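Reader: Could we go through the labels attached to this model, asking each time what supports them?

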Amino acid sequence: MTLTTTPFGMRATAAEVLRGVDLRGRRMIVTGGSSGLGVETVRALAGAGAEVTIATRNPAAADALLKELPGTRAVALDLADLASVRAFCEGWSGPLDALVANAGVMMLPTRQVSAEGWEAQLATNYLGHFALAAGLRDPLRQAERPRVVAVSSGAQLRAGFDFDDPQFERRPYDPFLAYAQSKTALVLFAVGIGRRWAEDGIEANSCAPGWIHTNLTRHLDTATMQALGAMDADGALLTPDYYKTPAQGAATTVLLAASPLLDGVSGRYFEDNQEAEVVDGGPDPMAGVARWSVDPAAADRLWDLSLSVAR
Ligand SMILES: NC(=O)c1ccc[n+]([C@@H]2O[C@H](COP(=O)([O-])OP(=O)(O)OC[C@H]3O[C@@H](n4cnc5c(N)ncnc54)[C@H](OP(=O)(O)O)[C@@H]3O)[C@@H](O)[C@H]2O)c1
């Protein structure tokens, strides 16, 4: 299989990736658009002319961004509550050109559950986004070239989806494994859309943003931050040279959401603005997409499981 390549390297910013791309008249949703990578995603898409809706638990948190970017709006959405997802979908009217599933939580220290009783990282990062996309399928169909972007992570390399115990009910809860599994689910989600919704003209891809300092690490303790090389012995943040700025971290997301370079590409996983090679997942690989994350049988199985939950 030929991998999709682009002229953009890992240091390209989101604005650079969209230079010359005219998104006027396009309507897009960015979940978690009021923080971290979401802010830069919104800036780049709106900067290219898109009408962006920021879907966030706390719309007031987007006030400054809305002032900076006229034509952008913020609407309440809690991905860990399917009633909130339904309300969001019911409030949407007209075509939707791109749904960017960017919001996420990482490594909740103890096992928490969503409004429906699902393990909270899986519920927030994956299931809520599945329900959101399912609820917005008709508006997506109405757009000319609709796209879904699933913001995953290199963590998908570390754990496949455990269909026997997806919610850590029988195995001990592991904050990192739960995050990794949810990020694998997002890659499978894009594969699933590629398999199930191609007839609607809906294209979906997933990506890893790289390493970027944001609020995502809010649940990590000092020892974990130090083990990641992101904090020194005195608790000061470190920025190793492989870290990106938020504007660089949002580049692959906007590439998948809006670049014409991706026309006709679906069900694939990207990192550093290039399609990634398929590798064996496990403790060692630092790049690529795990075989278990793009396994079509796993994507079909997860799709059916998700449909049964997110009705
Ligand atoms: N930063 C990195 O190095 C890195 C690496 C790999 C992947 N990623 C992925 O990139 C995405 C963006 O993360 P970030 O680094 O920008 O982190 P961030 O600054 O913490 O942003 C995450 C966003 O998700 C939102 N969110 C959390 N729970 C939610 C819920 N229940 N309903 C709706 N929104 C919710 C947060 O909203 P609140 O402000 O209301 O909490 C926040 O806006 C995530 O999917 C993350 O897994 C990031």
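Reader: What makes Trp211, Leu228, Tyr242 and Met286 a nonpolar patch on the surface?

Author: In this predicted model, local features need pLDDT of at least 70 and side-chain atom pairs count only at pLDDT 80 or more, whereas totals for chains, interfaces and linings use all residues. Residues are numbered from 1 along each chain as its sequence is written, and side-chain values use heavy atoms, with hydrogens and water left out. A patch takes residues with over 30% relative accessible area and no salt bridge, joining nonpolar side chains (Val, Leu, Ile, Met, Phe, Trp, Tyr) within 5 Å and like charges within 9 Å; a salt bridge would be a side-chain nitrogen of Lys or Arg within 4 Å of a carboxyl oxygen of Asp or Glu. Together Trp211, Leu228, Tyr242 and Met286 have about 400 Å² of accessible area, by the Shrake-Rupley method with a 1.4 Å probe.

Reader: Why is Trp211 called partly exposed?

Author: Buried means under 20% relative accessible area, exposed means over 50%, and partly exposed lies in between (1.4 Å probe, protein chains only). Trp211 has 35%, so it is partly exposed. Its place is in strand S7 (residues 211-212), where a strand is a DSSP run of E with at least two residues and a helix a run of H or I with at least four, numbered from the N terminus.

Reader: How do you know that Thr214 makes a polar contact with the ligand?

Author: A polar contact is a pair of N or O atoms within 3.5 Å, and an N or O atom in the side chain of Thr214 is 2.6 Å from an oxygen atom of the ligand. Taken alone, the ligand exposes 900 Å², of which the protein buries 92%. For Lys183, a side-chain N or O atom is 2.8 Å from a ligand oxygen.

Reader: Why is helix H10 described as largely enclosed?

Author: Eight of the eight residues of helix H10 (residues 251-258) are buried, so the helix is largely enclosed by the rest of the structure. Among these buried residues are Thr252, Val254 and Leu256.

Reader: What makes Gly71 exposed?

Author: Its relative accessible area is 57%, so Gly71 falls under the exposed label. Gly71 sits in the loop between helix H3 (63-68) and strand S3 (73-76).

Reader: Why is Asn273 called buried, and Asp272 partly exposed?

Author: Asn273 has 0% relative accessibility and therefore counts as buried, whereas Asp272, with 28%, is partly exposed. Asp272 lies in the loop between strand S9 (268-271) and strand S10 (274-275), and Asn273 is also placed between S9 and S10.

Notes: A polar contact is a pair of N or O atoms within 3.5 Å; within protein, one must be able to donate a hydrogen and the other to accept it, and residues adjacent in sequence count only if both atoms are side-chain atoms.
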